[in-house]
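The exercises below concern a single protein chain, and each one sets a task that is then solved step by step. Please keep the sequence and the model at hand while working through them.

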Amino acid sequence: MPLSGDLLRLADAVLFPGFTGHTPPDWLRRRLGQGLAGVALFSRNIADPAQVARLTAALRAENPSVLVGTDEESGEVTRLEVATGSSRPGGYALGVVDDVALTEALARDLGGDLAAAGITLDFAPSADVNSNPDNPVIGLRAFGADPVLVSRHTRAFVRGLQSAGVAACAKHFPGHGDTSVDSHHGVPVVADGIEDALLPFREAIKEGVKAVMTGHLLVPSYDAELPATLSPKVLTGLLREELGFEGMIVTDGIEMAAVAGAYGIGGASARAIAAGADAICVGGERADEATAAGIRDAIATAVTQGLLPEERLADAARRVRELASWAASSGSQASRDGSVNSSVDGSVDGSVGLAAARRAVRITRRSTAPVLPLTSPASVVELAPAMNLAIDRNTPWGVGQPLARLLPGTAVTRLAVGDSTGSALERLLGEATGRPLVIVVRDVHRHAWQEQALRHLLSARPDAVVVEMGLPERSDLGAVHIATYGSARVCGQAAAEVLTGRL
C-alpha cells in the first residue's frame, strides 16, 4: 500500500537526522522544505563557530522553524570546540567545585555561544548519577555520584542554558550512571532501586527543562523486556504520567546497538514513537539520505500496519512544534535582553570556563621533597586510552602542550594501548634523565595497560608527578598527584599552571 504524502510529512516532523559536510546536502534541503523537524549536528559538520552560523542560516532558509540540536556538554563531549578542545570543563569538575552559581554562569556562557551559532537545542546536561566508577560511557560527563549534588547542578545548568534561549535536554533517562555497559554496543541493565537515579530528572522537570533524552537501558523494575527508549511503561508510565513531564522526549542515537540490534533502525524508531518518544535522533554513525528516508518510511508504515497510532504520531509532532516555537521566541528574547552576549568567534574570553577548571583541581603531595614548581623543561608521558563514541577521538587533550608553552623545551610523548612496551618505557625513562617527569593518565583504574605502564615508570622515577585527567579512583600515585576531573583544554591549562607554580 503506497504511503500518503501527508503521512510521510507527519513522520518527517519527528525526525532529527544527521548529515555529512559543512553545508546542507541537497536531500536535506529538500526534506526541510517538506517539513523535516530538525537536524543533529556532529563534529563532522563543524569547522568553527562562524561556519556553523552560516550552516544553520542555510538550514533555516529551507525551514524557518527547524530545530538544530547538538551534543555540547562542555568538557570531553564538545562539538562546537572539537578542533581546539573545550574552553569549559565538563560536569564532574563542576560538581567537584560545587558552586551552583558557577555552573549556571558557565551554562549561560555556553548557551550564548550556541545561540550565536544558530543552535537551538543542546543535548545536555547529563543528569546521570555516576554511581558506578567502572562506567565506560558516562564518567566525567556526570556532575558526580551523589544524586542530590547532581540534581542541584542539573537544575543550574538547565537554568543557565535556557536563559540564553537554547533548550536544554536532560539525559539519559532514567539514568545511565549505574551501568558498566556502553549502550553504543550492548544493552545496559539498571539494577532495582532507581529512585536515586530519577532524582535529577525530577528536579530538571521542576526547573522547566524543555527536553529529555531517553537512554537505551533495560530497567527490569519497570520493564523486564524492552529498553527504556522502546518501553511505554518507562516513557509514558514513568516519565509522562508519574514524573509529569510535558516537554519533548527525544531518543538517544537510534542506530545504537542497544535498540537497533533487535529491531533495525526503522523498527526501533517506530517503536520508540509508539512508546512515547516525540523525536528520533540519528546520524552519529549513520548519516546518509537512505537512513533518514528509511526511518521516515518505517514510521509511516507502522501507522498503516497498526503498530503506531496516528494520533500518537500527531501528538509527537505537536510537541516538537511547541519546542520549536519556544526556541524561536526565547532566542529572540534572550538577544534583546542581552543574555546572548558572545560572538560567533566563541566565548568572550573563556574566563568562566578557565576559572571553573582552576577551581576543580585537587593536589595531593606525597613527598617532602620540593617537587613543585617545575622550573626547567620536563618530560611528559601521556597515556591515551581509546574513548567511547560520545567523545570525538580527534578532540585535543593533555598537559604536554600547555606545559610546553610555559616551559619551552618540554618534551611530550603520547602512548596508546600497545605502544607502552617495556622497551618504549625504558627509552622514555632514559630520555627523561635529569629532567622532571610528568605522567598523564586518563581513567587509569579502568585500563590495566595504563596501570602497568604507570607502575613501570614510577618504580624508576618515584619523584614523578602524576596528572589524572579522568576519574581519579586513587590519589596516592606519584610524588605529587594532580586530579583535574576532566580533559578539556582548560583542564590541561590549569594542570600546567599548577605544575609551574602559577596556580
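**Exercise 1. Describe the surroundings of the side chain of D122, beginning with its reach to the backbone of E72.**

Solution. The side chain of D122 comes to 3.0 Å from the backbone nitrogen of E72, which falls under the rule for a polar contact (a pair of N or O atoms within 3.5 Å; within protein, one must be able to donate a hydrogen and the other to accept it, and residues adjacent in sequence count only if both atoms are side-chain atoms). Before going further, note that this is a predicted model, in which local features need pLDDT of at least 70 and side-chain atom pairs count only at pLDDT 80 or more, while totals for chains, interfaces and linings use all residues. Residues are numbered from 1 along each chain as its sequence is written, and side-chain values use heavy atoms, with hydrogens and water left out.

Next, place the residue: D122 is found in strand β4, where helices (H or I, at least four residues) and strands (E, at least two) are DSSP runs numbered from the N terminus. D122 is buried, a term that stands for under 20% relative accessible area, with exposed meaning over 50% and partly exposed in between (1.4 Å probe, protein chains only). D122 nevertheless has no salt bridge, the nearest side chain of opposite charge being K171 at 6.7 Å; a salt bridge needs a side-chain nitrogen of Lys or Arg within 4 Å of a carboxyl oxygen of Asp or Glu. For charge, Lys and Arg count as positive and Asp and Glu as negative, whereas His and the chain ends are not counted.

Finally, list contacts (heavy atoms within 4.5 Å): not counting residues up to four places away in sequence, D122 touches several residues, among them T70, D71, E72, L110 and C169.

**Exercise 2. Which polar partners does the side chain of D128 have?**

Solution. D128 is found in the loop between β4 (121–122) and α6 (147–163). The side chain of D128 makes a polar contact with the side chain of H172 at 2.8 Å, and a polar atom of the D128 side chain lies 2.7 Å from the backbone nitrogen of H176. D128 is buried without a salt bridge, and R141, the nearest side chain of opposite charge, is 6.4 Å away. Residues touching D128 beyond four places in sequence include I138, F143, K171 and G177.

**Exercise 3. Which parts of the chain are tied together by the salt bridges of K171 and D113?**

Solution. The structure holds 37 salt bridges. In one of them, the side chains of K171 and D71 meet at 2.8 Å, N to O. K171 lies in strand β5 (residues 167–173) and D71 in the loop between β3 (67–70) and α4 (91–97), so this pair ties together parts that are 100 residues apart in sequence. Both K171 and D71 are buried.

Turning to D113, its side chain meets that of R88 in a salt bridge of 2.6 Å, N to O. D113 belongs to helix α5 (residues 100–116) and R88 to the loop between β3 and α4, so parts that are 25 residues apart in sequence are tied together. D113 and R88 are both buried.

**Exercise 4. Locate the cis peptide bonds from A124 to P125 and from L372 to P373, and the positive phi values of S74 and D443.**

Solution. The bond from A124 to P125 is cis, with omega near 10°, and P125 lies in the loop between β4 and α6. The bond from L372 to P373 is also cis, with omega near 5°; P373 lies in the loop between β9 (362–365) and β10 (379–384).

As for phi, S74 has a positive value of about 75° although it is not a glycine, and S74 is found in the loop between β3 and α4. S74 counts as buried at 3% relative accessibility. Phi of D443 is near 55°, and D443 is found in the loop between β12 and α15 (448–460). D443 is buried too, with a relative accessible area of 12%.
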